[in-house]
Amino acid sequence: MTRTVLITGASSGFGEACARKFAASGDNLVLMARRLERLDRLQTELSGHVRVHTVGIDLTDADALTQAVQTLPDWCRTPDILINNAGLALGLSSAHEADMQDWETMINTNITALVRMTRLLLPGMVAQNRGHIINVGSTAGNWPYPGGNVYGATKAFVQQFSRELRADLLGKNIKVSNIEPGLAETEFSLVRFKQDQSKADTVYDGTQPLTAHDIADIIYWVCSVPPHVNINAMEIMPLCQAWGPLKTDRSMAASAST
Ligand code: NDP
Ligand code: 8X3
């Protein structure tokens with residue numbers, strides 16, 4: 001069956017790889033991101049064999065998002081699959097030094113826009129008694145790390161929101177899955193470090209990180225299991241990544257006794 005797949009953040013990384021993966025299997029696409037020229041290039045590449053609708057949009061603009069969803073062409077008005085992928089981390093500073101604007105941008109993009117998009121499309125999915133919402137979370141939503149602060153907290157929200165959706169949608173034939181990747185090489189670190197390529201490169205130095213293709217293959221599989229199966233969550237790390245021990249500050253006792 002040909003499906004319609006709406007992908008946010010399709011101009012690079014996981015979203016772009018998902019667009020290619022689903023198109024290769026004949027699924028029709030709605031692609032959203034701010035960099036419309038990249039989406040249009042992808043449309044030119046893929047529209048030989050599938051239908052592709054592109055929307056250049058800042059997803060944090062509530063009015064623009066409502067308008068974009070309400071004016072989707074008839075063939076893609078209610079997607080079968082929504083991949084809530086657009087998101088970002090900004091900075092790696094400690095909480096007492098972090099940029100407040102960066103925090104707000106992460107909250108507005110990773111939480112508010114994702115929630116709005118879901119709320120806008122869900123009534124159509126409920127009415128057609130069919131749908132699958134894929135939320136892109138992160139290992140950062142499960143495991144804290146220094147400097148992860150608000151980014152990790154937004155992804156913890158996405159994890160819990162995914163579970164809450166499952167609870168609300170029981171009996172409605174709508175699947176919800178939270179995909180939680182670890183270290184993956186995309187434009188993610190370039191964005192986090194505000195286009196500082198050398199800082200971004202150090203994140204991946206000496207590692208074999210996940211690729212966007214790895215994640216697209218996994219999302220495609222999660223969308224292809226039998227109708228009665230729901231993958232609630234999937235955490236994926238590269239083999240070169242695992243947990244560290246809890247940190248202990250050994251200067252505390254000395255300073256407490258003075
Ligand atoms: P990329 O930076 O390569 O892709 C991010 C995508 O999000 C881009 O297409 C970007 O498009 C889009 N986007 C960001 N902000 C907005 C906005 N305001 N409006 C519209 N689109 C927006 O990174 P990834 O592919 O790695 O990231 C995809 C998701 O995966 C994110 O949610 C990220 O948090 C998550 N993730 C990433 C991991 C990693 O290590 N790479 C690991 C775990 C999770 P544009 O700039 O054109 O608007
Ligand atoms: C991206 C993974 O560890 O850089 O979500 O936060 S991490």
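Reader: Let's jump straight in: is Gln-195 buried or exposed?

Author: Buried means under 20% relative accessible area, exposed means over 50%, and partly exposed is in between (1.4 Å probe, protein chains only). Gln-195 has a relative accessible area of 56%, so it counts as exposed. Before we go on, this is a predicted model, where local features need pLDDT of at least 70, side-chain atom pairs count only at pLDDT 80 or more, and totals for chains, interfaces and linings use all residues. Residues are numbered from 1 along each chain as its sequence is written, chains are lettered from A and ligands numbered from 1 in the order in which they are written, and side-chain values use heavy atoms, with hydrogens and water left out.

Reader: Where is Gln-195 found?

Author: Helices (H or I, at least four residues) and strands (E, at least two) are DSSP runs, numbered from the N terminus. Gln-195 is in the loop between helix 6 and helix 7.

Reader: What should I make of the phi of Gln-195?

Author: As background, most residues other than glycine have a negative phi. Gln-195 is no glycine, yet its phi is positive, at about 75°. Lys-194 also has a positive phi, near 55°, and is likewise a residue other than glycine. You'll find Lys-194 in the loop between helix 6 and helix 7 (197–204). With a relative accessible area of 48%, Lys-194 is partly exposed.

Reader: On to rings, then. How many aromatic pairs does the structure hold?

Author: First, the rule: rings of Phe, Tyr and Trp (its six-membered ring) pair if their centres lie within 6.5 Å; planes under 30 degrees apart count as stacked, over 60 as edge-to-face and the rest as tilted. The structure has four such pairs. One of them joins Tyr-151 and Phe-188, which are 5.5 Å apart centre to centre with 55° between the planes, a tilted pair. Tyr-151 belongs to helix 5 (residues 149–169) and Phe-188 to helix 6 (residues 188–192), so this pair ties together parts 37 residues apart in sequence. Tyr-151 is buried at 7% relative accessibility, while Phe-188 is partly exposed at 27%.

Reader: What kind of aromatic pair do Phe-157 and Phe-161 form?

Author: A stacked one, 5.7 Å centre to centre with 20° between the planes. Both residues sit in helix 5, four residues apart, which is about one turn of the helix. Phe-157 is partly exposed at 33% relative accessibility, and Phe-161 is buried at 18%.

Reader: Which residue lies over the face of Tyr-151?

Author: The test is this: a charge sits over a ring if NZ of Lys or CZ of Arg is within 6 Å of the ring centre and within 35 degrees of the ring normal. For Tyr-151 the partner is Arg-192, at 5.5 Å from the ring centre. There is also Lys-21, whose charged end is over the ring of Tyr-220, 5.3 Å from its centre.

Reader: How do I read helix packing?

Author: Two packed helices are described by the angle between their axes and the distance between the axes. Axes here are lines fitted to C-alpha atoms, for helices over the stretch in contact, and angles run from 0 to 180 degrees between N-to-C directions. The axes of helix 1 (residues 13–24) and helix 8 (residues 212–222) cross at roughly 55° and come within 8 Å. Helix 1 is therefore oblique to helix 8; angles under 35 degrees count as roughly parallel, over 145 as roughly antiparallel, 65 to 115 as roughly perpendicular and the rest as oblique. Contact means heavy atoms within 4.5 Å, and the residues of helix 1 that meet helix 8 include Phe-14, Lys-21 and Phe-22.

Reader: At what angle do helix 1 and helix 2 pack?

Author: About 15°, with the axes 11 Å apart; helix 2 covers residues 36–46. That makes helix 1 roughly parallel to helix 2. Here Glu-16, Ala-19, Arg-20 and Ala-23 of helix 1 meet Leu-42, Glu-45 and Leu-46 of helix 2.

Reader: One last spot: is Ser-11 buried or exposed?

Author: Ser-11 is buried, at 7% relative accessibility. Ser-11 lies in the loop between strand 1 (4–8) and helix 1. Leaving aside neighbours within four places in sequence, its contacts are Glu-16, Ala-33, Arg-35, Arg-38 and Leu-39.
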